[in-house]
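Good morning. I'll take you through one model today, and I'll keep to what can be read from it. Please have the sequence and the structure open as I talk.

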There are 2 protein chains.
Amino acid sequence: MATGRSHRPATRSRGIPEATVARLPLYLRALTALSERSVPTVSSEELAAAAGVNSAKLRKDFSYLGSYGTRGVGYDVEYLVYQISRELGLTQDWPVVIVGIGNLGAALANYGGFASRGFRVAALLDADPALAGRLVAGLPVRHIDELESIVADNQVSIGVIATPAGAAQEVTDRLVAAGVTSILNFAPTVLTVPDGVDVRKVDLSIELQILAFHEQRKAGEDRQDPDGDVPAVMPA
Amino acid sequence: MATGRSHRPATRSRGIPEATVARLPLYLRALTALSERSVPTVSSEELAAAAGVNSAKLRKDFSYLGSYGTRGVGYDVEYLVYQISRELGLTQDWPVVIVGIGNLGAALANYGGFASRGFRVAALLDADPALAGRLVAGLPVRHIDELESIVADNQVSIGVIATPAGAAQEVTDRLVAAGVTSILNFAPTVLTVPDGVDVRKVDLSIELQILAFHEQRKAGEDRQDPDGDVPAVMPA
DNA sequence: CCATCTTTGTGCACGCGTTCACAAAGACAT
DNA sequence: ATGTCTTTGTGAACGCGTGCACAAAGATGG
């Protein structure tokens, strides 16, 4: 993760546990699919299966939001969609800037999941002057030096970093200085941010390495000793 | 997450906790940076700062691997790089197929973090015949129907899914049937897989929604009551 | 109106992960 | 060799998250 409390120690006020917050988007997606099929109600069992979680966990998660179910029947799909959307803050508009318009940045700009939720791409930024003006996902790429004015003019509070690792910290500093308080970081670096700024990190390489670990474990289950021998290099 | 035990209930044998495994790549990255700067040793305090974690946590994590430090001095950087690499299974070669060569798939194919660790892109696959043969990151895109033979010939055990949501489950089924036992899923869908297959999911939209939640919380801290009023639609 | 049946909401126990705090271990100087 | 000083490795306490299991709530039918 990064410095500067990514999550507050214990969510105060109406205290929804962090683990629950992380699952709400999952439920929301499943519910949206049901809504599109005009399914009026759904039981915790069905919805849990669709979201890939335990039904008891789902009920407990919903209990943090309030008592929105009807015993003997289940949950009203539309009502629940609204409640979760509101809780997540998706009923309002979130302007977002994406910095670094390489393949990844372009993929993010084209991602449909943005607009459907409350997210709106306010601008695409890149340091390469050759990219400036080119259309990506219908939006013109603008030069990184416009960052400050764009963030201020559009009241952007969320920034997405899709730059190379070397540029990530500098971009972060500029975003934060301009007023951004939430950052989604795709660059493989630990970002340092002041208190009050949230950072979430998506790291491809890490995910693969975790898979490799389990894969090795699986492959080694047949053999006697999965770990190798003493390394050639000894500690000082 | 997905069906089919993503993580084993309690890691048996030399039992490295799942949370620790997830941090090992982080340490490895920080250590690699130190190694490139020819730093010989590092203390838990310094390394923890570089990785963005607590130093006590780092020491406990390392204690699961064995006693690789020297009291009063710290850890030997090269030695630790080797040990963690071996533990994660990065000393061997992991052939990977990437399915779905849109912007995201192309970004993944171009991602440098692959080759530097033990990962080798064995093939890029896409269902679009128009893409077939086009070079992406120096590799030719091949048609999805070659999936089975490619997986078999290269003994691929890890698959990366970067297709639209609609195609993800079918691709997963084919990958699993062909012998893949670890899947990294970028499509916004819950995948169902048989036991023994690991799935990890990276979901952009979910990360943004979590940020939005905290952002809303931050914005509402000034006001009296951050949650809105009673919704217009009432439950059945 | 009463009985039955379904499904929610939650009290409780358990296990994992985190953090503190300190004793043991070794380096290094004298 | 002895003492001091640094840093590791870990025992123990705590808190969060998960899942069981059941009582309460309400729908539904007779």
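In what order do the three strands of the open sheet in chain B lie? The order is β1-β3-β2, and the pairing is antiparallel. Before going further, note that this is a predicted model.

At the edges of that sheet are β1, residues 41-42, and β2, residues 69-70, of chain B, and each of them pairs on one side only. Take β1(B) as the example: β1(B) pairs with β3, residues 74-76 of chain B, in the antiparallel sense, and two bridges join them. If you want a residue to look for, find B:Thr41, whose bridge partner in β3(B) is B:Asp76. As general background, the strands of a sheet pair through backbone hydrogen bonds, either parallel or antiparallel.

Next, the two protein chains. How many residues does each chain bring to the contact? Chain A brings 82 residues and chain B brings 82 residues. Between them, chain A and chain B bury about 7500 Å², and 62% of that is on carbon and sulfur atoms. On the chain A side, A:Leu208, A:Gln209 and A:Leu211 lose the most area to chain B, and together they make up 9% of what that side buries.

There is charge across this interface as well, with six salt bridges found between chain A and chain B. One you can locate joins the side chains of B:Asp198 and A:Lys218, at 3.6 Å from N to O. Which element gives the largest share of the side of chain A that touches chain B? That is helix α9 of chain A, residues 204-220, with 15 residues. By class, that side of chain A has 42 nonpolar, 20 polar and 20 charged residues. Polar contacts between the two chains come to 20 residue pairs, counting pairs with both residues at pLDDT 80 or more.

Now the DNA, beginning with strand C. There are 26 residues around DNA strand C, and those that come nearest are A:Ser44, A:Tyr75, B:Arg23, B:Lys57 and B:Arg71. Which part of strand C do the atoms within 4 Å of the protein belong to? Sugar or phosphate accounts for 66% of them, and bases for the rest. Three side chains show the phosphate part of this. An N or O atom in the side chain of A:Tyr75 is 2.7 Å from a phosphate oxygen of strand C. For B:Arg23, a polar side-chain atom lies 2.9 Å from a phosphate oxygen of that strand, and for B:Lys57 the distance from a side-chain N or O atom to a phosphate oxygen is 3.3 Å. The surface near strand C has seven nonpolar, ten polar and nine charged residues.

DNA strand D has 24 residues around it, and A:Lys57, A:Lys60, A:Arg71, B:Ser44 and B:Tyr75 come nearest. Here 63% of the strand D atoms within 4 Å of the protein belong to sugar or phosphate, and the rest belong to bases.

The contacts on strand D reach several parts of the DNA. A backbone N or O atom of B:Ser44 is 2.5 Å from a phosphate oxygen, a polar backbone atom of B:Gly72 is 3.0 Å from a sugar or linking oxygen, and a side-chain N or O atom of A:Arg59 is 3.4 Å from a base nitrogen. Which element supplies the largest share of the surface near strand D? It is α3(A), with four residues.

Key:
Residues are numbered from 1 along each chain as its sequence is written. Chains are lettered from A and ligands numbered from 1 in the order in which they are written. This is a predicted model: local features need pLDDT of at least 70, side-chain atom pairs count only at pLDDT 80 or more; totals for chains, interfaces and linings use all residues. Side-chain values use heavy atoms; hydrogens and water are left out. Two strands pair if DSSP finds at least two bridges between them. Contact means heavy atoms within 4.5 Å. Buried area is the accessible area (1.4 Å probe) that two parts lose on being put together, summed over both. A salt bridge is a side-chain nitrogen of Lys or Arg within 4 Å of a carboxyl oxygen of Asp or Glu. A polar contact is a pair of N or O atoms within 3.5 Å; within protein, one must be able to donate a hydrogen and the other to accept it, and residues adjacent in sequence count only if both atoms are side-chain atoms. Ala, Val, Leu, Ile, Met, Phe, Trp, Tyr, Cys and Pro count as nonpolar, Asp, Glu, Lys and Arg as charged, and the others, Gly among them, as polar. A residue is near a molecule or strand if one of its heavy atoms lies within 4 Å of it.
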